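Please open the model in your viewer, with the sequence panel beside it, and keep a selection tool at hand. The tour moves from one selection to the next and says what is to be found at each stop.

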Amino acid sequence: LTVASAKQSNSPTTGEDADLKIAATNHSQLVQSFTDEVIAYLEETGRNKVSKEVLLECLGLIANKYPSLALSEYKESLDQFIKIQTETYCAMFLIEEDLNKVWGDT
């Protein structure tokens with residue numbers, strides 16, 4: 001066993017590297033799509049003054065379109081994003097229980 005062959009056996013193959021890059025790109029595109037959709041909804045909601053229950057239900061409908069994000073490493077950051085943007089656009093304050101409703105974790 002040579003040093004070169006040991007290094008090769010411990011490092012991912014080019015195909016695995018490509019798969020990881022594609023997966024990361026897909027997740028980042030999902031996150032971007034999700035945050036864009038949340039912002040668009042909250043901007044509209046802020047102008048129309050809906051109840052907190054309706055807001056949570058609609059955010060839940062958006063989140064349901066991105067089920068992989070609920071289990072991703074980004075969920076905590078997305079929760080903070082939703083919380084801050086809801087405060088900014090709708091002057092509503094969300095607690096952890098509210099955010100759990102968004103993701104269907106009741």
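Select K65 to begin: in this predicted model, K65 is exposed, with a relative accessible area of 53%. Now add E37 to the selection and display both side chains, which meet in a salt bridge with a distance of 2.5 Å from N to O. Since K65 belongs to the loop between α3 and α4 (67–70), whereas E37 belongs to helix α2 (residues 14–48), the pair ties together parts that lie 28 residues apart in sequence. E37 counts as partly exposed, at 22% relative accessibility.

This pair is one of four salt bridges that the structure holds. Side chains of opposite charge can pair when their charged atoms come close.

Stay with helix α2 and select R47 together with E44, whose side chains meet in another salt bridge (3.0 Å, N to O). These two residues are three apart in helix α2, and they are therefore separated by about one helical turn. R47 counts as exposed at 59% relative accessibility, while E44, at 39%, counts as partly exposed.

Next, go to helix α5 (residues 75–90) and select D79 and K75, which both lie in that helix, four residues apart, or about one turn. Their side chains also meet in a salt bridge, here at 3.4 Å from N to O. Are these two charged residues buried or exposed? D79 counts as buried at 11% relative accessibility, and K75, at 14%, likewise counts as buried; the cut-off for buried is under 20%.

Keep D79 and K75 displayed and add W103. Leaving aside neighbours within four places in sequence, W103 is in contact with both of them, and also with F34, A63, Y66, L69, A70, L78 and I82. W103 also has a place in the largest nonpolar core, which has 20 residues, and within that core F34, L55, L59, I82 and W103 touch the most other members. Colour the helices separately at this point: the elements that give two or more residues to this core are α2, α3, α5 and α6 (96–103). In soluble globular proteins, nonpolar side chains tend to be buried together.

From the core, move to helix α3 (residues 52–64), where L55 and L59 are buried together with L56, G60, I62 and A63. These buried residues cover an arc of only 160° around the axis, which puts them on the same side of α3. Select E53, E57, L61 and N64 to see the other side of the helix, where these four residues are exposed. If you then place a distance label between the end C-alpha atoms of α3, the value should be 18 Å, which agrees with the 18 Å expected for 13 residues at 1.5 Å a residue.

Finally, clear the selection and show the whole chain. The protein has six helices and zero strands, and along the sequence the pattern reads α-α-α-α-α-α. Of its 106 residues, 29% count as buried, and the accessible surface comes to about 7100 Å², with 55% of it belonging to carbon and sulfur atoms. Among contacts with a separation of 6 or more, 73% are accounted for by residues 24 or more positions apart.

Note on methods
Residues are numbered from 1 along each chain as its sequence is written. This is a predicted model: local features need pLDDT of at least 70, side-chain atom pairs count only at pLDDT 80 or more; totals for chains, interfaces and linings use all residues. Side-chain values use heavy atoms; hydrogens and water are left out. The expected span of a helix is 1.5 Å times one less than its number of residues. Buried means under 20% relative accessible area, exposed over 50%, partly exposed in between (1.4 Å probe, protein chains only). The arc is that of the directions from the helix axis to the C-beta atoms. Contact means heavy atoms within 4.5 Å. Accessible areas come from the Shrake-Rupley method with a 1.4 Å probe; for residues, only the protein chains shown count as cover. A nonpolar core is a set of buried Ala, Val, Leu, Ile, Met, Phe, Trp, Tyr and Cys residues joined through side-chain atoms within 4.5 Å.
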